[in-house]
Amino acid sequence: MINFGYTAHKERLIDYDKNDKRVLEHLKKHEPSVLTCIACGSCTATCSAGQFVDFNIRLVQTLLRRGEIEPLKQEIRKCMLCGKCILVCPRGVNMRNLILAIQTAIDKLK
Amino acid sequence: MAKTVVIVGGGVAGMTAASRLADLGEKVLLLEREEEIGGHLRNWDRLFPNRRPGSEVLHDLKETLGNRVEIRCNESPGEIHSLQSSFIVELESGEKITCDAVLMATGFDLFDARRKEEYGYGIYDNVITSADLERMLRSGSPVTTSAGKAPSRVGFVHCVGSRDEKAGNLYCSKVCCVTGVKQAIEIKEHLPGSEVFGFYMDLRMYDRHFEEMYYEAQQKWEINFLRGRVSECAENEDQSIVLKIEDTLTSRPLKMTVDLLVLLVGFVQKPETVRIAKLLGISIGEDRFLECLDEHTRFNYTGKPGIFVAGTSRGPLTIANTIADAGEAALQIHNYLKTLK
Amino acid sequence: MISFNLFVLPFSLGLIYLLYMIIRWWYKWVKALPEEDRNLFKAGIFSKKFLSALKEIFSESLIHRKMFRRNALLGYMHMSFALGWFLLIVFGNMESRIYSTSHVNPPYYPIFLKFFIHDKTVLWFEINTVPGFFRFLMDFLLLFVLSGLILALIKRGKSRWFGLRRTTNSQLTDKVALTCLWLIFPVRLLAESFTDGYYGGGGGFVTQHLGNFLALIFQESSRHIAYALWWTYSLALGIFFVTVPFSRYWHIPTELLLIFFRHFGITSRKFSTSFTHVEIGACSRCGVCIDVCQLGSAARIHDIQAVYFIRSVRDEQVNRDIALRCLVCGRCQEACPVGIGADTIRLIERNTFSGTHDADFSYLPASFPRKASVIYFAGCMTHLTPAIIKAMKGILKQAGVDYLFLDEGGTVCCGRPVILSGKHDQARDLIEFNKERILRSEAHTLVTSCPICLRAFREEYNLPIRVLHHSHYILELIKAGRIPLQAVHRKVAYHDPCDLGRGSREYSAPRELLSKVATLVEVSQEGKDALCCGGSLGIYTVSPRKRDLITKDALEHLEASDPEVVATACPLCKKTFAKHAQVEVLDIAEIVYDAIPV
């Protein structure tokens, strides 16, 4: 496998080949709408928790789909499940169901 | 006996098709529900991509049409009855007209921005649509806030009512992105001291000269393009608008106040077109635009012989696209009429 | 000498087993109650509440009044089985007293009386005598039950006559129990008739004549046929009794306990208690909840209705899907003739099945709001419908109210959406945060625009102040003369939000308020029968398309009488309807605000 000089900054690198996609598989099964996300950012913009703390649901969910799980386990806990994100999402992603599914997936992977 | 074509709608598509059919020697009756023909083109100031006046194009289309066809304004069909190989169009005024072909050129409506309530259209005075801005520009009066002052910061929100499951429209309206960039440049031309922002999910600069316009907007006019979809707006005491947005390219929430917010609204189908389509039995897509027989080779045919469609009633199109589309429709109608004896 | 025959064994053994199960479970359930509830139970037994419970048992478990109100045929059918069988047992026992030779009779004696006693001294038409009267009564009651059985058979094919579009899909145990149940009375009729015919007497106006007819045909064989039928009768009863604890008919004894619990003041909690188990056992699977569920009628989802959900809980086969796929709109609870709180049970099960959500709200900063008399809490969703906020600000300013817009800069969620995910305790920090702010402001009234928040404040917060929906508060302001009105009375169809209507029982204040500024038109399903807009935060696993189906269906009902405006009292309803509505959708506050002269 060729590394193309990415070996320099391993922490920043998303190594898609090596990443654990099991969370993505779990999400696909329980909330398939997540695949249609276009990362527009409306959810993060309107987020109730995002007013008080550094919580970026778009980023968290995108990274999870890339297989970056470890740093995000604590992030999900900030969600108030208020549902504003669902009301603004142009693709109809059901974030609340996604959040519950993410936590279950993360738990299962322990 | 001379064959008659009834064209429903006197906008760009209707006028163009009427002209071409007249060129081909066909008899045309053009019905227009408004007081005068021209459709939405009458409301536009300057057209992309070259920012030439829309009135020029309207003048050109009217000139070409001349007096060669019968035009009836303030008229629209109430009922349309399909017979063996002809149609009876019953006007709302009561008159019945027999014809051999019908061309649906009814055009579009703009998305009602009040449905996107979180943006505050109709609630906050300094939130306007691209159509409102176009009107302002066309009238020649200066662009101002509701208080009559020149805005020092103007924001453009892309994809209002398009690509939005919550608005009930999943499709892309195609023209709004380039319109947004065009209007952003126009604001800078009018108000060189102002800051202009465009808030987008994607920038669809798909056609010739579009990407170059975007480049020019950035380089020459210093317009700022921020990738993030505005989730909601609020109003300050001084009626300026506060935006809630995520700057996705830096992954950080961004707060911004603008003096004037322009919503780039997209196409929606006219309810009246849906009504007539149902009467005629022609297919309507899930996006409510009229279906054609084949997207590549029969795009002006509907499923019913003798009923044709041209222009934005079958989907988002630019003015140039519409003129080309209507020309093709006229030719197909002409060929169809030849098969009738 | 005690009358006995081998055939009484199936019945007797079955009965013993059933009684054992009832006593065992009732004991278990009462013992497992939380202490507070157990005390209520003990206090209740020896109080007037016991009598009021008996009254309800009579009017609901026997007469089935609620069923009658839903549909007369349905009510009659259920009543005939319940009341008919009950009276057969009661009067059967009384009749057996006439003939018994000992003081103590085995339980099977009255059931199989006609096998043991052939009283030819009294003829079928001698109703003026005591035995004759009972003879008549027993035959009459048997016909009564059989008329219900005929209706039940008809219902198989013509459920619509009974007000039911769809009926419950039965499992095997229910099918077996049902078959036995349906056999019991026809077989009894035949067994008694054959016996009466063979002996040439002892029957009533039905059994004797039928018996005579059968005796003509079968002659000597009647005796053997009768005996076979008595065996069948006993087996039918015995097998039925044995299947009761495992089938829908468990509701017969269990709903009695439920009624006692309710009258004694025991209610359901946020977690599963014996009360929940008793509620679940009391479900008769009548299927009335199926038609009212919009997921079924509009969105074509047919496997998660309350009856199936409750069955899955009882069978311990709940899964994530069935737990999360519910609008929590309350329509099934409203329709249930037993009054089972299916929504509450759904939320309890969600705690287990919705997955983990270990929330951490420690990031919420301490907040010290200024003092005010009234707090206005818009709610999360209302920030996406700013027209409501604008209207409320205008109204409150006009009335000169000293108010604090608590969540003007942004809302900390009231906590109910977390509760709707089943994670009841996870909402604690949100509740504490908001509660502290509310109390610190020293306001005496809390006004909110969102019925979801309203329920949270009323049910979870334990606030010592008044909590009102804005429609109620605005009405008060108008009645106090603080808001001048000059309305153009447009035709308005009012939509009852689930959480304001069924959820908070507030149907009249919004209507009274609207009548002052608009003309209300009739809506076919309103008040406690109102349809859900589909926006629901209660449902998790639903696609946008399915939601749209529910929304469009609700809108169809609202727009049917051609209103100019659809009025809502909930920002979520407003946003949901605005997507599809043909007419304008406005909140009540907006309509009132428009009516205030400039």
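Analyst: Two residues are in contact if their C-beta atoms, placed from the backbone, lie within 7 Å. The model discussed here is predicted.

User: How many residues of chain C are in contact with chain A?

Analyst: On chain C, 26 residues are in contact, and their partners are 22 residues of chain A. The side of chain C that touches chain A comprises 15 nonpolar, eight polar and three charged residues.

User: What does chain C present to chain B, by number and by class of residue?

Analyst: Here 11 residues of chain C are in contact with 10 residues of chain B. Helix H20 (386–398) and helix H27 (571–578) of chain C each supply at least two residues of that side. The largest share, three residues, comes from H20(C). By class, this side of chain C has five nonpolar, three polar and three charged residues.

User: Turning to a single helix, which residues of helix H3 of chain A are buried?

Analyst: In H3 (residues 57–66) of chain A, the buried residues are Ile57(A), Arg58(A), Val60(A), Gln61(A) and Leu64(A).

User: Why do the buried residues of H3(A) line one face of the helix?

Analyst: The general idea comes first. An α-helix has 3.6 residues a turn, so residues three or four places apart point the same way. In the present case, the buried residues of H3(A) fall within an arc of 170° when seen down the helix axis, and therefore line one face.

User: Against which elements do these buried residues pack?

Analyst: Within chain A, the buried residues of H3(A) pack against helix H1 (22–30), helix H2 (42–46), helix H4 (84–88) and helix H5 (95–109). They also pack against strand E16 (241–247) of chain B.

User: What backbone feature is found just after H3(A)?

Analyst: At that position, Gly67(A) takes a positive phi of about 100°.

Terms used. Residues numbered from 1 in each chain as written. Chains lettered and ligands numbered in written order. Predicted model: local features only at pLDDT ≥ 70, side-chain atom pairs only at ≥ 80, totals over all residues. Nonpolar A, V, L, I, M, F, W, Y, C, P; charged D, E, K, R; others polar. Buried ≥ 20, exposed ≤ 12 C-beta atoms within 10 Å, placed from the backbone. Helix = DSSP H or I, 4+ residues; strand = E, 2+ residues; numbered from the N terminus. Arc of directions from axis to C-beta.
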